[in-house]
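Biologist: Before I accept any label on this model, I want the value and the cut-off behind it. Can we go through them one at a time?
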Amino acid sequence: PQGKEIRNDDHFYQSTFVWPQKQTGRKMLPSEVSRFWFKEGFDFIRKNPVEEAKLLGLKFLLFWNWYEIPNNHDYYYAKTFFSSLLRMPFITGFAFVAPLALAGLFLSFRRDSPQAGAPLFPLLAFIALPMATTTAFFVTSRYRLPSVAFLLPFAGYAVYRCYSGLRETLSRKQWLTIGVILGAAALLVNVRLPGFNENLGITNEHDDIATLYYKEGKYRKAAEMFERAVTYHHNEALLYYKLGGLYLLKLNEPQKAYEAFSRSAELEPKNMDAALSLGAIALETGRIEIAEREFKKILELEPGYTKALIDLGALYTRTNRAAEAVPLLLQAVQNEPTDFNALINLGYAYLLLKDWKNAAFYLQTALRLDPSSAMARLDLAEALLGMGNKKSANEELRRIISSLPEGDPVRNRAESLCR
C-alpha cells in the first residue's frame, strides 16, 4: 500500500525475504517467510479494513483492465518479434475482448435474451474463480489468462446479438441498451488507473537486454538500450545511474555521464552515489566549485558519510586547502579505520602541512593495507625525508624505482629524490 506505482519487480521472490529477516534478525526458511507474510497480511486487513477494501477494488479494476500486466517478460515487447497479426494494436487485445464479453454476459441474463435460463453457471464459475483468487493475491496477465477462454463465448454472443439485431431490425431502445452496455464495459476496461505506468514492462525488457550487452562487453549497445529504457520510463533514477556509470567507466564520456548522474540525483535527491559521481566528474574536469557543492550537499543530508568526507578532503588537498581537509579525513578514518583512500589522503594532507610524523604514520598504515601503491610509498619517502630519516626514505624510493617501468612519472619523481 505504500508503493507509488503499480509494478512487478524482477527480483520479487528474493525481495520477500529482506524485511522478515531484518525484523527477526536471522536467516529464515521459505516456510517461515510464508508464515510471516501470512500473519502480516491478516494484521494489515484487521487494522486497515477501509484501505484493504480500496486495494481490493483497485486489483479488481486491474483484473479487468486492458493492460497485460507483465510478470517476468513484457507481452507488448515480445509481440514485436512475431507476426503482424499479433502486432495489431486493438483487435487481438483484452481491450477488445473484455467489453464484448461483459456486454454478452449482461445480455445473456436479460429476459428477452434467447439464451435466458441457459445453464451458464459453469462458464461463470470458470470466470469468477480465477478472478477471485487473482484479485485476492497477485494480479498479472498470465494469472488472468484462464478466464479469457471462458470470456470468449460471451464476447461471441455479444457479436451475435449485434449481427442478429441488424437482420431483425431492433428497436431504437434495444440498440440504445446494447450501446450503453458496450460503452460502460469499454470504459471499465480501458480506464487509465492512477499510478499506472504501462511502459514499465517494456522498460525492464530494455534494462535486461542492456545488462546482457554489458556482461558481453558490448558497452555501446548497452548504452543504446539504456537510452531507450529511459525514453519509456524517464522518471526512474536507477536507470540514469546505470547509464551514467556506463558512460563514465566504460565509454569514457564524462559529459554524458554527468548528465545522466544529474538526472538520477534530481529524481532521487537522497541517492548518495549519484551525487558522489557528479562531484567526482566535476573534480576530474576542473569544475571545483560544482564538485565542492555536490560533496557538501551529501554531508548536509548525512554528515558522517565516509565517501563524501574522503572526496571532499581530497578536493581540499588538490586545491591547497590541506588544513580544511584534515578534520574531514580524520573523521573518515574514525568511521572506517581500514579505508585505504581515507588513509592515503589524510597522510598526503599532513605531508602538505609538513606534519611529517603524522604523514608517515597514516601512509605506513595505508601501505600495510596495499603495499603495491607506489604513490603512497612516494609520499611516505617524502615524509621520511622531512623527518631526516634518509636511509628509510631511500629504501622506499628504491622499491618504487625497481617496481615501475622507466618513464613512469612516479618513478621519475622517486629517482629525483633518491640520494
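Modeller: Start with contact: it means heavy atoms within 4.5 Å. By that rule R377 is in contact with L367, P371, E396, R399 and I400, leaving aside its neighbours within four places in sequence. One caution: this is a predicted model, in which local features need pLDDT of at least 70, side-chain atom pairs count only at pLDDT 80 or more, and totals for chains, interfaces and linings use all residues. Residues are numbered from 1 along each chain as its sequence is written, and side-chain values use heavy atoms, with hydrogens and water left out.

Biologist: Why is R377 called buried?
Modeller: Its relative accessible area is 10%. Buried means under 20%, exposed over 50% and partly exposed in between, with a 1.4 Å probe and protein chains only. The value is under the cut-off, so R377 counts as buried. R377 lies in helix α20. Helices here are DSSP runs of H or I with at least four residues, strands are runs of E with at least two, and both are numbered from the N terminus.

Biologist: What makes α20 largely enclosed by the rest of the structure?
Modeller: Of its 13 residues, 10 are buried, so the label follows. They are A374, A376, R377, L378, D379, L380, A381, A383, L384 and L385. What covers them includes α18, α19 (356–369), α21 (390–403) and α22 (409–417).

Biologist: How do you know that the length of α20 fits its residue count?
Modeller: The expected span is 1.5 Å times one less than the number of residues. For the 13 residues of α20 that is 18 Å, and the helix reaches 18 Å from its first C-alpha to its last. After α20 comes G388, whose phi is positive, near 85 degrees.

Biologist: Why are α18 and α20 called roughly parallel?
Modeller: The axes of α18 (residues 340–352) and α20 (residues 374–386) cross at roughly 30 degrees and come within 10 Å. Axes are lines fitted to C-alpha atoms, for helices over the stretch in contact, and angles run from 0 to 180 degrees between N-to-C directions. Under 35 degrees counts as roughly parallel, over 145 as roughly antiparallel, 65 to 115 as roughly perpendicular and the rest as oblique. The angle therefore puts α18 and α20 in the roughly parallel class.

Biologist: Which way does this pair cross, left-handed or right-handed?
Modeller: The crossing of α18 and α20 is left-handed. That means the near helix is turned anticlockwise from the far one by less than a right angle; clockwise would be right-handed. F340, I344, Y348 and L351 of α18 make the contact with A376, D379, E382 and A383 of α20. These residues divide into 6 nonpolar, no polar and 2 charged. Ala, Val, Leu, Ile, Met, Phe, Trp, Tyr, Cys and Pro count as nonpolar, Asp, Glu, Lys and Arg as charged, and the others, Gly among them, as polar.

Biologist: How do the axes of α6 and α8 cross?
Modeller: Helix α6 (residues 94–108) and helix α8 (residues 141–168) cross at roughly 65 degrees, and their axes come within 6 Å. That crossing is left-handed. Their contact residues divide into 15 nonpolar, 2 polar and 2 charged.

Biologist: What makes L151 of α8 buried?
Modeller: L151 has 3% relative accessibility, so it falls under the limit and counts as buried. Its contacts, leaving aside neighbours within four places in sequence, are W64, F94, A101 and I127.

Biologist: Why is Y214 called partly exposed?
Modeller: Its relative accessible area is 35%, which lies between the two limits, so the middle label applies. Y214 sits in helix α10 (residues 200–215). Not counting residues up to four places away in sequence, Y214 touches Y219, A222, L246 and K250. The C-alpha atoms of Y214 and L246 are separated by 8.5 Å, although the two are 32 residues apart along the chain.

Biologist: Why do N252 and N320 count as exposed?
Modeller: N252 has 64% relative accessibility and N320 has a relative accessible area of 73%. Both values are over the exposed limit, so both labels hold. N252 is in the loop between α12 (237–249) and α13 (254–267). N320 is in the loop between α16 and α17.

Biologist: What is phi in these two residues?
Modeller: Phi is near 55 degrees in N252, a positive value in a residue other than glycine. N320 is not a glycine either, and its phi is positive at about 60 degrees.
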